[in-house]
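Grab a pencil and work through these exercises with the structure open beside you. Try each task on your own before you read its solution.

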Amino acid sequence: MTAKLDTQTLRNLDQAHHLHPFTDFKDYAAHGGKIISRAEHIYLYDSDGNKIQDAMSGLWCCNLGYDQDSIKQAVFDQLQELPYYNNFFRCSNQPAVELASKLCELTPERFQHVFFTNSGSEANDTQIKLVHRYFDLLGKPNKKHIISRNNAYHGSTIAASSLGGMKSMHEQTMGLNYVHHIEQPHWYECGGDMSEAEFGLHAAQALADKIDELGEENIAAFIAEPVQGAGGVIIPPDSYWPAVKKILEERDILFIADEVICGFGRTGNWFGFETYDIEPDLVTFAKAVTNGFMPLGGCLVADKVSNVLLNGAGDFAHGLTYSGHPASCAAGLATMAVYEDTGIIESSARDLAPHFNAQLQSLVDHPIVGQVRSKGLFAAVELTDDKAARTRIAPDSAAAVYCRDVAIEDGLMVRQTGDAMIMAPPFVTERHEIDNLVAKLTVALDKTARQFGIS
Ligand SMILES: Cc1ncc(COP(=O)(O)O)c(C=O)c1O
């Protein structure tokens, strides 16, 4: 370990040399940020010694919190044994073999193959190549178009940001011309006067309409997160997924479920597709597969697709230096062991999630709260100055940004998307820590209401 630097030196060097993701470079160079120096259980400690409760599981990835010695030890041991070798040129390694098998065991029978990447973005890029290859091999080379949804987040490589439906990302990167975006199932934002049930059907119909517009013979896949995470924890109306499922059953297009956030327990089951009873042909995973401790992502491929891919002649022209990295896969295996041995996905869904939801519901009557929505350990609290009209309090999400900043200042790490306060607490959070989360959020909401003159 390098010697510890003092906070001021770190901040100076950080501002001078370090370009941060999704950050205003100019603003950061002028004002800097927080140096996080260590973490324990569900708490982060900054270099000034402040203790912050993490209500976001890092970046939706540390579902098991920050302790988990078995995962750390597995990585250490693997680095002693085989710190690196690639999976190109007819080579493999034990952790990659075992993790691929384990993931197939944990998912429905039809999933028997895994392609590893380092991240969710790369996994979604890989999905595009897999579905294109699939239809090429079937002699349907026109089937290249992909349908996604407004405000989806599928990552930040060029292909993944193009798949995603984030306007700000599209403004800075020229997207792929074969990706098309349809309505998101976000009733609070887009539902207008429709009931939630009506709007769910309306948003699903957008998929059928887009397929008709582009021609089914030109479409390779529909990609969607079971619950849109980064877009604002958008929990679709109950009518949405059954209607989409029916459309997908009737059409010759593949369905890619992006489980990068929903996967490994976030919505109360191992995968979001189980929570919503939907049947993807391909699954994207990352983040919580290693509890966020090592970079790892990948694609699970169902037999329908892999049977064709495995019969194609010639190489699949795609791969990453670190695909199936032994240390990352060792972390993945150790993480799966914790999920399985402790039963925490099931127990947190049974005990913690209902408590979390009940506590959050107490915020519904707060003067600036327009909606509270949650699924498993995944939640959003929408801020508004008019509960009936569902309007935003101030331009540029200023109220939610203010609320987030005061919450962090008070020792609670939450996130903001639009005017929604977002939470995804670790599954190891205890009930009294959920109470603390909600108490701190309430204080932040009170301060925000005062700041924006709402009573
Ligand atoms: C649903 C979803 N897909 C893909 C990604 C991209 O993953 P990564 O940041 O590992 O590239 C994310 C990241 O937040 C995500 O939420």
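**Exercise 1. Find what covers the buried residues of helix 10 in this predicted model, then check the helix's length.**

Step 1. Start with the cover: it includes strand 5 (145-149), strand 6 (179-182), helix 9 (187-190), strand 7 (219-224) and helix 11 (240-250).

Step 2. Now look at what sits underneath. The buried residues of helix 10 are Phe-199, Gly-200, Ala-203, Ala-204, Ala-206, Leu-207, Ala-208, Lys-210, Ile-211 and Leu-214.

Step 3. Time for the ruler. Helix 10 (residues 196-214) has 19 residues, and at 1.5 Å a residue you'd expect 27 Å. From first C-alpha to last, the model gives 28 Å, close to that value.

Step 4. Peek just past the end: Gly-215 follows helix 10, and its phi is positive, near 90°.

**Exercise 2. Work out whether the span of helix 17 agrees with its residue count, and list its buried residues.**

Step 1. Helix 17 (residues 431-451) has 21 residues. The expected span is 1.5 Å times one less than that number, so you should get 30 Å.

Step 2. Compare with the model: the end C-alpha atoms are 30 Å apart, which agrees.

Step 3. For the buried residues, you should have Glu-433, Ile-434, Leu-437, Val-438, Lys-440, Leu-441, Ala-444, Leu-445, Thr-448 and Ala-449.

Step 4. After helix 17 comes Gly-453, with a positive phi near 65°.

**Exercise 3. Decide for Thr-429 and Thr-107: buried or exposed? Then find what each side chain reaches.**

Step 1. Place them. Thr-429 is in the loop between strand 15 (420-423) and helix 17, while Thr-107 is in the loop between helix 5 and strand 4 (111-117).

Step 2. Use the cut-off: buried means under 20% relative accessible area. Thr-429 has 4%, so it is buried. Thr-107 has 7%, so it is buried too.

Step 3. Follow the side chains. That of Thr-429 reaches the backbone oxygen of Pro-426 at 2.6 Å. For Thr-107, a polar side-chain atom lies 2.7 Å from the backbone oxygen of Leu-103.

Step 4. Skip neighbours within four places in sequence and list the contacts. Thr-429 touches Ile-42, Gln-53, Leu-352 and Ile-434; Thr-107 touches Phe-271 and Leu-300.

**Exercise 4. Describe how helix 5 and helix 14 pack.**

Step 1. Helix 5 (residues 94-106) and helix 14 (residues 326-342) meet at an angle of about 35°, and their axes are 8 Å apart.

Step 2. The crossing is left-handed.

Step 3. Name the players. Helix 5 brings Pro-95, Ala-96, Glu-98, Leu-99, Lys-102, Leu-103, Glu-105 and Leu-106. Helix 14 brings Pro-326, Cys-329, Ala-330, Gly-332, Leu-333, Met-336 and Glu-340.

Step 4. Sort them by class: this contact has 10 nonpolar, 1 polar and 4 charged residues.

**Exercise 5. Look up phi for Val-233 and Arg-390, and say where each residue sits.**

Step 1. Val-233 has phi near 45°, a positive value in a residue other than glycine. For Arg-390, also not a glycine, phi is positive and near 55°.

Step 2. Val-233 is in the loop between strand 7 and helix 11. Arg-390 is in the loop between strand 12 (379-383) and helix 16 (398-409).

Step 3. Finish with burial. Val-233 has a relative accessible area of 0%, so it is buried. Arg-390, at 19%, counts as buried as well.

Technical notes:
Residues are numbered from 1 along each chain as its sequence is written. This is a predicted model: local features need pLDDT of at least 70, side-chain atom pairs count only at pLDDT 80 or more; totals for chains, interfaces and linings use all residues. Side-chain values use heavy atoms; hydrogens and water are left out. Axes are lines fitted to C-alpha atoms, for helices over the stretch in contact, and angles run from 0 to 180 degrees between N-to-C directions. Helices (H or I, at least four residues) and strands (E, at least two) are DSSP runs, numbered from the N terminus. A crossing is left-handed if the near helix is turned anticlockwise from the far one by less than a right angle, and right-handed if clockwise. Contact means heavy atoms within 4.5 Å. Ala, Val, Leu, Ile, Met, Phe, Trp, Tyr, Cys and Pro count as nonpolar, Asp, Glu, Lys and Arg as charged, and the others, Gly among them, as polar. Buried means under 20% relative accessible area, exposed over 50%, partly exposed in between (1.4 Å probe, protein chains only). A polar contact is a pair of N or O atoms within 3.5 Å; within protein, one must be able to donate a hydrogen and the other to accept it, and residues adjacent in sequence count only if both atoms are side-chain atoms.
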